[in-house]
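Let's take a friendly walk through this fold, from a few local details to the way its helices pack. Please have the viewer open as you read.

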Amino acid sequence: DDQPLEKMANRIAARYKKKHHIKTQEGKDAVVYEYSENQVARRNAEKAKRLEGLRKNIGNLRAKVKRDLRSSDPEKALTALAVALIDHTYERVGNDGSAKERGHYGVTGWQKSHVSFGRGKATVKYVGKSGVEQKKTVSDKAILTANPDIQYENIIGVMDVLRVGPAKEPLFPMVRFSTGIQ
């Protein structure tokens with residue numbers, strides 16, 4: 001009976017409707033995927049399910065982050081600081097590749113030169129995703145007064161800690177920080 005194998009092949013092939021090879025403005029090759037309405041609807045349903053999980057757990061997550069901001073464990077405090085900044089500013093995690101290649105930053109890539117302090121707040125000015133200039137203000141006292149022993153430069157790369165804790169268990173099993181990462 002080939003039917004289960006055929007169904008599996010169809011599912012794999014149906015990941016996208018069409019695949020187009022194009023040239024970017026810089027003349028580089030790129031691939032653009034065209035998705036069917038069913039594929040988009042399925043992806044939206046999956047996202048809604050993840051968001052519902054976050055909605056149910058956001059209060060617990062925020063309480064844990066506030067506690068962990070004061071931790072004497074630098075890894076725990078840095079992780080809490082990254083999560084608190086993402087939550088407070090609504091900004092993306094970011095990655096080293098975007099920062100190095102395009103000068104586009106996310107929370108974990110912010111540099112000292114991006115941050116200024118004054119009158120009970122911190123202001124972060126940087127170029128974010130797609131080259132958009134950003135200016136974010138952080139006024140949450142718990143974030144601003146987080147463990148003073150944290151060296152700010154160490155926040156780069158700390159998001160790996162979010163994905164898996166020291167016991168190799170997800171720290172926040174019901175929360176996905178990005179597609180495919182729990």
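A polar contact here is a pair of N or O atoms within 3.5 Å; within protein, one must be able to donate a hydrogen and the other to accept it, and residues adjacent in sequence count only if both atoms are side-chain atoms. One such pair involves His-114, where a polar atom of the side chain lies 2.8 Å from the backbone nitrogen of Gln-111.

Before going further, a word on the model. It is a predicted one, in which local features need pLDDT of at least 70 and side-chain atom pairs count only at pLDDT 80 or more, while totals for chains, interfaces and linings use all residues. Residues are numbered from 1 along each chain as its sequence is written, and side-chain values use heavy atoms, with hydrogens and water left out.

**The chain as a whole**

Helices (H or I, at least four residues) and strands (E, at least two) are DSSP runs, numbered from the N terminus. The chain has six helices and five strands, and from the N terminus on they follow the order α-β-β-α-α-α-β-β-β-α-α. Buried means under 20% relative accessible area, exposed over 50%, and partly exposed in between (1.4 Å probe, protein chains only). Of the 182 residues, 26% count as buried. With contact meaning heavy atoms within 4.5 Å, residues 24 or more positions apart account for 43% of the contacts in the chain with a separation of 6 or more.

**Five residues to look up**

| Residue | Place | Relative accessible area |
|---|---|---|
| Arg-102 | helix α4 (residues 96-102) | 48%, partly exposed |
| His-104 | loop between α4 and β3 | 16%, buried |
| His-114 | loop between α4 and β3 (115-118) | 11%, buried |
| Arg-119 | loop between β3 and β4 (121-127) | 86%, exposed |
| Ser-130 | loop between β4 and β5 (133-138) | 63%, exposed |

Which residues does His-114 touch, not counting residues up to four places away in sequence? They are Tyr-105, Gly-109, Thr-123, Val-124, Lys-125 and Tyr-126. With the same exclusion of residues up to four places away in sequence, His-104 touches Ser-98, Ala-99, Val-127, Gly-128, Lys-129, Ser-130 and Gly-131. Gly-131 also appears in a pairing with Arg-102: the two are 29 residues apart in sequence, and their C-alpha atoms are 7.9 Å apart in space.

Now for the backbone. Most residues other than glycine have a negative phi. Arg-119, although not a glycine, has a positive phi of about 45 degrees, and Ser-130, also not a glycine, has a positive phi of about 60 degrees.

**How α2 meets α3**

Two packed helices are described by the angle between their axes and the distance between the axes. Axes are lines fitted to C-alpha atoms, for helices over the stretch in contact, and angles run from 0 to 180 degrees between N-to-C directions. Helix α2 (residues 37-69) packs with helix α3 (residues 74-89) at an angle of about 130 degrees, the axes being 8 Å apart. That makes α2 oblique to α3, since angles under 35 degrees count as roughly parallel, over 145 as roughly antiparallel, 65 to 115 as roughly perpendicular and the rest as oblique.

From α2, the contact is made by Arg-62, Val-65, Asp-68 and Leu-69, and from α3 by Lys-76, Ala-77, Ala-80, Leu-81, Val-83, Ala-84 and Asp-87.
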